[in-house]
Amino acid sequence: MATTSKHQLLILALAVALVAGLFLLPKVIVKPKEAKGTLAQDGARTANRDNGAAAPSVASVDAMGKPVGATAEQPHMTIPAAQRSEINGLLAKYKASNSADLTGRLRLAQELAAKYKAVEKFDSAGYYYEQVALARPGEQAWKRAADEYFEAYSFAATEERQKLLGAKCQELYGKVLKNNPDNLDAKTNLGMAYMASSNPVQGITLLREVLAADPRNEKALYNLGFLAIQSSQFDRAVERFQELIKVNAENVNGQFYLGVALAQTGAKEEARKAFQKAKSLSTDPALAASVDEQLQKLN
């Protein structure tokens, strides 16, 4: 599974927490409908801002897409002035547009989505791609919107955000799979979105269905391995990550997490080899530092 440097940094940070015995997914499962907020209420509010530790964070946009500024938690992580000005210009045009010029309005929505994605405001990107999908539905249109919400879900820092964004992912990936039940990438992400819901078992079922259809699916193998670590099933995690690196020995995160799982089973020498392999596959200094830290713990 290919990952961006940003994802890798988050994964490495989370791995340290895992080794210390912390759990990444919510310990208390709450039904999405019981959450205190929603992503949209009677058209009065749209996407909430990403508020993850590894992604920039600003507050919400209103019903017409007008940005409301940075969060109190991370006030410094705002969109740069030049890009904010560009987005504001597009937002003004979008607000002034109407359904009489649907093509023009959808073009503006696509531009806004692309701009928000470029500055890592993934739920806003998802919102505007969703507007396009609502007007011109189809498998790819729904998946484009769902994928951006999934990015936001991946970086959610609180249970409430996980539940809200996870529910949105479930809704949109459901539309993708209604169009094409064989879209394995959508099914894999949907499975992960269920992990913050009242029915995480359904998520595991979906991931296993993906592997049944494609036993070499790197993304499903990785996620099942990661979930096994999260639930302290380290022997099972070792099996999953060993399967993964048989498919792709150069999967950096697969090698790293194989090391994490092996270390937890007491197989220190094998863990050391996996960590060293991960380090050899990347020039990322953050990964190198994290590997060195884990190697020290094995001594």
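Contact here means heavy atoms within 4.5 Å. The model is predicted.

**Exercise 1.** Find which residues Leu 112 touches, not counting residues up to four places away in sequence.

*Solution.* Start from Leu 112 and set aside the residues up to four places away. Then list what remains: Ile 87, Leu 90, Leu 91, Tyr 94 and Tyr 128. Next, place Leu 112 in the largest nonpolar core, which has 76 residues. Leu 112 is one of the members that touch the most other members. Tyr 128 is also among them, as are Tyr 116, Tyr 173, Ile 229, Phe 241 and Phe 275.

**Exercise 2.** Decide whether Asn 183 is buried or exposed, and describe its surroundings.

*Solution.* First, locate Asn 183: the residue sits in the loop that links helix H6 (159–179) to helix H7 (184–193). Second, take its relative accessibility, 9%. The cut-off for buried is under 20%. Asn 183 therefore counts as buried. Third, list its contacts, leaving aside neighbours within four places in sequence: Glu 139, Lys 143, Val 176 and Leu 177.

**Exercise 3.** Describe the chain as a whole, from its helices and strands to its surface.

*Solution.* Count the elements: 13 helices, zero strands. Read along the sequence, the pattern is α-α-α-α-α-α-α-α-α-α-α-α-α. Turn to burial: 50% of the 299 residues count as buried. Now take contacts between residues at least 6 apart in sequence; 55% of these join residues at least 24 apart. Finish with the accessible surface, about 13,800 Å². Carbon and sulfur atoms account for 52% of that surface.

Definitions and conventions:
Residues numbered from 1 in each chain as written. Predicted model: local features only at pLDDT ≥ 70, side-chain atom pairs only at ≥ 80, totals over all residues. Heavy atoms only, no water. Helix = DSSP H or I, 4+ residues; strand = E, 2+ residues; numbered from the N terminus. Buried < 20%, exposed > 50% of the residue type's maximum accessible area, 1.4 Å probe, protein only. Areas by Shrake-Rupley, 256 points an atom, 1.4 Å probe, with all protein chains shown as cover. Core = buried A, V, L, I, M, F, W, Y, C linked by side-chain atoms within 4.5 Å.
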